Amino acid sequence: MSRDEKEPGKTLPVIHEQRWRQPSERFKIQEVDLEFSNGELRTYQRLVSHGLGAVIIVPMLDQDTVLLAQEYAVGLHHYEVGLPKGRREEGESVLQTAQREMKEEIGYGARELIELTSLSLAPGYMTHVTHIVLARDLYQEKLEGDEPEEIDVIPWPIADLRGLTARADCTEGRTIAALYIARDFLEAEKIDEPE
């Protein structure tokens, strides 16, 4: 599906009302007064997250296939294809959060979890960090999550990221970055394997 095509079969939710809120449950706005080394004074605003950050998981069904989740994205008011992800909860490690979120969103757990790196969303004005976790040796296990409807799971060849990012419904930067980082990690592993 190209970026210009509409996705068949899914009906978008109806927006009944939109409101501005400040501050929100997830973020508060903080003003920071700064003085730079040249004496310049500036005031910046940043969004400060209330939480512990988030995870985004690259679940590999096999060495060539990643599992993607298709779910409603209110920000763009469309169905988005991306990786399973979620906020860390109090007392959870990054890997525990990854395991829980995979089971809730795509119905799989993993026997092997590797934290690859972390990303900031917009370091110029946000404190939020997302940890990228590679998941392998998957097994089926479903946990009840907080999603309002069933999430569709889409197997995708990790070698075809160009085709994925050409789709109109795959636009989220964290998903795209995490997939390329995981693909490079997996390719480097193949090179490093003894023959």
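**Nonpolar cores and a surface patch**

Beyond its neighbours within four places in sequence, Val66 is in contact with Val58, Pro59, Met60, Leu83, Ile154, Pro155, Trp156 and Leu179. Apart from the core described next lies another core, of 15 residues, with Met102, Tyr108, Ala110 and Leu138 among them. The structure is a predicted model.

The largest nonpolar core has 19 residues, and those with the most contacts inside it are Val58, Met60, Val66, Leu68, Leu83, Leu164 and Leu179. Two or more residues of this core come from each of strand 3 (54-62), strand 4 (65-73), strand 8 (129-140), strand 9 (152-157), helix 2 (161-165) and helix 3 (173-192). Among these elements, helix 3 gives the most to the core, with 4 residues.

At the surface, Leu34, Phe36 and Tyr44 make a nonpolar patch of about 250 Å². Of these residues, Phe36 lies in the loop that runs between strand 1 (27-35) and strand 2 (41-49). Phe36 has a relative accessible area of 37% and is therefore classed as partly exposed, a class that covers values between the limits of 20% for buried and 50% for exposed.

Confidence in the prediction varies along the chain. For the protein, the mean pLDDT is 89, with 91% of residues at 70 or more. The lowest confidence is found in strand 1, at a mean of 81, and the highest in strand 3, at 98. Strand 3 is also one of the elements that give two or more residues to the largest core, whereas strand 1 precedes the loop that holds Phe36.

Key. Residues numbered from 1 in each chain as written. Predicted model: local features only at pLDDT ≥ 70, side-chain atom pairs only at ≥ 80, totals over all residues. Heavy atoms only, no water. Patch = residues over 30% accessible without salt bridge, like charges linked within 9 Å, V, L, I, M, F, W, Y side chains within 5 Å. Areas by Shrake-Rupley, 256 points an atom, 1.4 Å probe, with all protein chains shown as cover. Salt bridge = Lys/Arg side-chain N within 4 Å of Asp/Glu carboxyl O. Buried < 20%, exposed > 50% of the residue type's maximum accessible area, 1.4 Å probe, protein only. Core = buried A, V, L, I, M, F, W, Y, C linked by side-chain atoms within 4.5 Å. Contact = heavy atoms within 4.5 Å. pLDDT = per-residue confidence, 0-100.
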